[in-house]
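Q: Pick one part of this model and take me through it closely, please. I'd like the atom-level detail, with the cut-offs spelled out.

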Amino acid sequence: MGACLSSPDGDPEQIKQNKLVEKDLKETRAKLEQQVKVLLLGSGDSGKSTILKQMRLIHKVPFTSQEVEFYRQLVFNNITYGLKVVLEALEDVFEIKLEDENWTYADMVQDAPDLRDGEPFPMEYMQPLQALWNDSSVKAAIARGNEAALPENFFSDLSRLFDPEFKPTNQDIIRSRARTTGITETIFKLRTHNMHMLDVGGQKSERRKWIHCFQDVTTILFLVSLSGYDQCLVEDKDANQMQDAMTIWDSICHSQWFKNTSIILFLNKDDLFSDKIFHSNIKDTFPDYEGPAGDAAAGREYFKKRFTRLSTKANRTNEREIYTHFTNATDTALLKVVMAAVEGNITLRSNLQHAALI
């Protein structure tokens, strides 16, 4: 009856194990407090991947030789595929025809090959591509590109691109376009934190994957293409880019996943918007717009107010603040200034969260 039980608290080996577990938990907690998770969201063609590439330049995360080769091949694909989209739209959308002498060149573009590693741009394509680009019907289609979601192009640089020694510059890499599928995570070292930036595909077929990124998000960078106010979606010719962006924005702002998440709105492609506004009236696609035609400043303010209004709920006080920036994602100098402000906001919010002040 006098037997006694030894307490695990007195077991030296158990005490040692407990201390190791506590140390690991403390180190893990400290690492998590130094991490911020930033999610890039927006519809397709809003510029999310361009922002991520710019961030790599700003934070001096170099592109590997394999990546540079990928982008070199992608530039050729952008040229040929972009022109292929235009040619397919000529009859299907615009009901206009190529000049007779360029029909044979159209067949070449339709059958354009994918480049192999190290293979120069095929010289036999340079003159046909130039001829097609100068075709009056192609120019007419480009002028109406909003009706068919026509891609941007590299045609002003053909002679440089077809040089056998061509290697893409940083600006070529920024301008090149590839559809994002799946989830891409890149880590950037800030002064006091590691920023994990996640880029996800914006096309409708990719959005079901977004849910996998929603946990523990510090900040959302939501991108909208300002110049898409009169354009259709690449994947849905009957849907308006801006209306699609507003629908996604509304659901993100009112999602339970993000009720404590900072949201930063990038009204992107401001340079294209400022050029387009002179020949495409906002009122044609947004009848409630009451500003003057051709006024870029009034147009910016209108869309900013539309998104701000969507982010609020009726009869709700203490609405979170939405930080809005007008951006041009291909302009590294401009984006560097904007991202410095954004990173400061993200770091401050992370510190406040860990101090349980918000």
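A: Buried means under 20% relative accessible area, exposed means over 50%, and partly exposed is whatever falls in between (1.4 Å probe, protein chains only). This is a predicted model, where local features need pLDDT of at least 70 and side-chain atom pairs count only at pLDDT 80 or more, while totals for chains, interfaces and linings use all residues. Residues are numbered from 1 along each chain as its sequence is written, and side-chain values use heavy atoms, with hydrogens and water left out.

Let's start with helix H6, residues 136-143 (helices are DSSP runs of H or I, at least four residues, and strands are runs of E, at least two, numbered from the N terminus). Ser 137, Val 138 and Ala 141 are the buried ones in H6. Look down the axis of H6 and its buried residues sit within an arc of 100°, so they line one face of the helix; the arc is taken over directions from the helix axis to the C-beta atoms. The cover over those buried residues includes helix H3 (65-94) and helix H5 (126-133). At the N-terminal end, Asp 135 acts as the cap of H6, with a side-chain oxygen 2.8 Å from the backbone nitrogen of Ser 137.

For context, the chain has 12 helices and six strands, and 45% of its 358 residues are buried. Of the contacts between residues at least 6 apart in sequence, 74% join residues at least 24 apart, a contact being heavy atoms within 4.5 Å. The accessible surface of the chain is about 19,300 Å², 51% of which belongs to carbon and sulfur atoms.

Now for the part I'd zoom in on: the stretch around H10 and H11. Asn 281 sits in the loop between helix H10 (270-276) and helix H11 (296-310), and at 26% relative accessible area Asn 281 is partly exposed. Leaving out residues up to four places away in sequence, Asn 281 touches Tyr 229, Tyr 289 and Ala 293. Pro 292 is 11 residues along from Asn 281 and 8.9 Å away, C-alpha to C-alpha. A polar side-chain atom of Asn 281 also lies 3.1 Å from the backbone nitrogen of Lys 283.

Salt bridges hook this region up further (side-chain nitrogen of Lys or Arg within 4 Å of a carboxyl oxygen of Asp or Glu). Asp 270 and Arg 300 meet in one, at 2.7 Å from N to O. Asp 270 belongs to helix H10 and Arg 300 to helix H11, so the pair ties together parts that are 30 residues apart in sequence. Asp 270 is buried, at 15% relative accessibility. Arg 306 and Asp 288 form another, at 3.4 Å from N to O. That pair links helix H11, home of Arg 306, to Asp 288 in the loop between H10 and H11, 18 residues apart. Arg 306 counts as buried at 15%, whereas Asp 288 counts as partly exposed at 42%.

Just before H10, Lys 269 bridges to Asp 45, with the closest N and O atoms 3.4 Å apart. Lys 269 is in the loop between strand E5 (262-268) and H10, and Asp 45 in the loop between strand E1 (35-41) and helix H2 (48-58), so this one ties together parts 224 residues apart in sequence. Lys 269 is buried at 12%, and Asp 45 is buried at 19%.

Technical notes. A polar contact is a pair of N or O atoms within 3.5 Å; within protein, one must be able to donate a hydrogen and the other to accept it, and residues adjacent in sequence count only if both atoms are side-chain atoms. Accessible areas come from the Shrake-Rupley method with a 1.4 Å probe; for residues, only the protein chains shown count as cover.
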